[in-house]
There are 2 protein chains.
Amino acid sequence: MILTVTLNAALDVTYRVDALIPHATHRVAEVSERAGGKGLNVARVLHGLGEPVRATGLLGGDTGARVRRLLGEAGLDEAFVPIGDETRRTVAVVDGDATGFWEPGPVVTPDEWDAFRVRYAGLVGDATVVVLSGSLPRGLPADAYATLIAAARRAGVRTVLDTSGAPLSAALPARPDVVKPNLHELEELVGAPAGRGLVHLAGQARALGAGAVVASAGADGLVGVTGDGAWQVRPPERVAGNPTGAGDASVAALARGLRDDSPWPELLTDAVALSAAAVAAPVAGTVDPATAERFRTSVTVTEITEELPAC
Amino acid sequence: MILTVTLNAALDVTYRVDALIPHATHRVAEVSERAGGKGLNVARVLHGLGEPVRATGLLGGDTGARVRRLLGEAGLDEAFVPIGDETRRTVAVVDGDATGFWEPGPVVTPDEWDAFRVRYAGLVGDATVVVLSGSLPRGLPADAYATLIAAARRAGVRTVLDTSGAPLSAALPARPDVVKPNLHELEELVGAPAGRGLVHLAGQARALGAGAVVASAGADGLVGVTGDGAWQVRPPERVAGNPTGAGDASVAALARGLRDDSPWPELLTDAVALSAAAVAAPVAGTVDPATAERFRTSVTVTEITEELPAC
């Protein structure tokens, strides 16, 4: 079972309007809602692919209750821990392109964090891989992910970490098995000037504690730098569509590949295929298995023997 | 006791951002929420002034539960009837000026409308005045307000109606005691070309069934055309501030004045004073009694003996 952790879950609300006009009033033509936060997006992709997955994290207030109800309707196995403050909403106003409004989210108390860690310790025992995704809500220590990774490691459970900034840098000493930054996040992490290559930066991130670094190279796919070698994996074509949630689909593939002990080239291929399928999907962040299979057969994998230019 | 009816209640959400930039993502600096819909705004003003008031209408889903909770926190006496569909949200993004997004709102079933009318018939017995405000949710007949006005009339209870379009024109044959349109709504109601005076249009609305017409003349205050005479009532000064909710504050004054059998000049003066106090208030739609009292002493009332020019 793969366990996903979403400490800063959200209710994602999408409003479709004809055209967004600042300082006007808009009648929303269509409202849609779903449970959000990167960890929940990963869980939804895995669930959609038929993979056993359980989602945990923190939920509070009326918005948290709504997220829990939506998870139930989607048939997702969830073990969220309640908090007193309100789970955040994100509102995306779509008029062709999207305009986003992100609420600041809850403040978590030390007692709530303690309660989560106790629950998490129990859940980790049932898991083979833990996925830790997204930002930390206010009130949590910057090394919150380090604590959770260390607990997983003690239980012999592998970890995939997808975050940035202080939560990422504070987590590396706990040695997550895979981290998934993009170029900008890597530069920030290692304090390098712009223009350094991805492979060089990923190597530095490994020196800081990451077992493997799978870095997004945007439309050029992924670069994986591991203890077993480095690869660039490219999608077969420039995929048209909505890139929202494509990163979470690739994290879902990484978690599945770790669980199955897949060789890195195969695992990275799956990550690029699922990401491309998510971009091509009519509903952002979903993956059609047949589309993923089609992309999987045409992804190109190149072993890297010298430094790549910065993307 | 004044009974307010809000058939299309809302959760009003306000997001404060630095600047709204289409197709960018905004971190919301501050979120505030309150129970909304014009009838609830009227109830809140009356409650803030210490007037006995009860709020009824329709609420459904998680958003309806949230509205009910907010009403409880505000200490408002409520007797809303549950529906199966979700109460709407309105989102106002404020960066100095406001950009609004209005969800389409619930669809009400015939059974739910029947259940509401039964509940309403019981509530009307405790009321001296009923205020009916705002749009009708989908699923209700256009003559929904006519039905509710007729029931109040049978119980000897007076009515104030603040709506527009088909629900207004369908309600007039039921003879509401006061209607409160603006110039545009009056033109639409009587089918007159632009340029006709407010007093002329208000007289036509009275001929269609309205007992009195209190028409908003914008910054020029109100024009009241009644069976006892016609008056123009002007605020003492051009009040700077937020006009949101000012109309609902004047409806609150009309309801209170009807209840107290106040003479029209006094009643209209109170309506303009409360409206001006609402504009001046730091929180939109609230009224500070001391500010209202100050405006009340300086409002000017002019009896109208000839046709006013259109405002």
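**Superposing the copies.** I laid chain B on chain A in this predicted model and got an RMSD of 0.0 Å, with a turn of 180° and a shift of 0.0 Å along the axis. So the two copies are related as by a two-fold rotation axis.

**Which surface do they use?** I checked the interface residues next: 100% of those of chain B are also interface residues in chain A, so the copies meet through the same surface.

**Who is in the contact.** I find 23 residues from chain B and 23 residues from chain A. On the side of chain B that touches chain A, the elements giving two or more residues are S3 (25-27), H2 (61-73), S8 (88-94) and S9 (98-102) of chain B. S9(B) has the largest share there, with five residues. Sorting that side by class, I get 13 nonpolar, five polar and five charged residues.

**Strands across the chains.** I looked up S9 of chain A (residues 98-102) and found three bridges to S3(B), running parallel. Trp102(A) has Arg27(B) as its bridge partner in S3(B).

**One sheet, traced end to end.** I followed an open sheet of five strands, ordered S3(A)-S9(B)-S8(B)-S2(B)-S4(B), and its pairing is mixed. S3 of chain A (25-27) and S4 of chain B (30-36) are the edge strands, each pairing on one side only. Direction ignored, neighbours in this sheet are turned by 15° against each other on average.

**Inside chain B.** Seven bridges join S2 (residues 10-16) to S8(B), again a pair that runs parallel. I picked out Asp12(B), whose bridge partner in S8(B) is Thr90(B). Last look: H2(B) lies across S2, S4 and S8 of chain B, and runs at about 90° to S4(B).

Terms used: Residues are numbered from 1 along each chain as its sequence is written. Chains are lettered from A and ligands numbered from 1 in the order in which they are written. This is a predicted model: local features need pLDDT of at least 70, side-chain atom pairs count only at pLDDT 80 or more; totals for chains, interfaces and linings use all residues. Two residues are in contact if their C-beta atoms, placed from the backbone, lie within 7 Å. Helices (H or I, at least four residues) and strands (E, at least two) are DSSP runs, numbered from the N terminus. Ala, Val, Leu, Ile, Met, Phe, Trp, Tyr, Cys and Pro count as nonpolar, Asp, Glu, Lys and Arg as charged, and the others, Gly among them, as polar. Two strands pair if DSSP finds at least two bridges between them. Copies are superposed by least squares on the C-alpha atoms of residues with pLDDT of at least 70 in both. Axes are lines fitted to C-alpha atoms, for helices over the stretch in contact, and angles run from 0 to 180 degrees between N-to-C directions.
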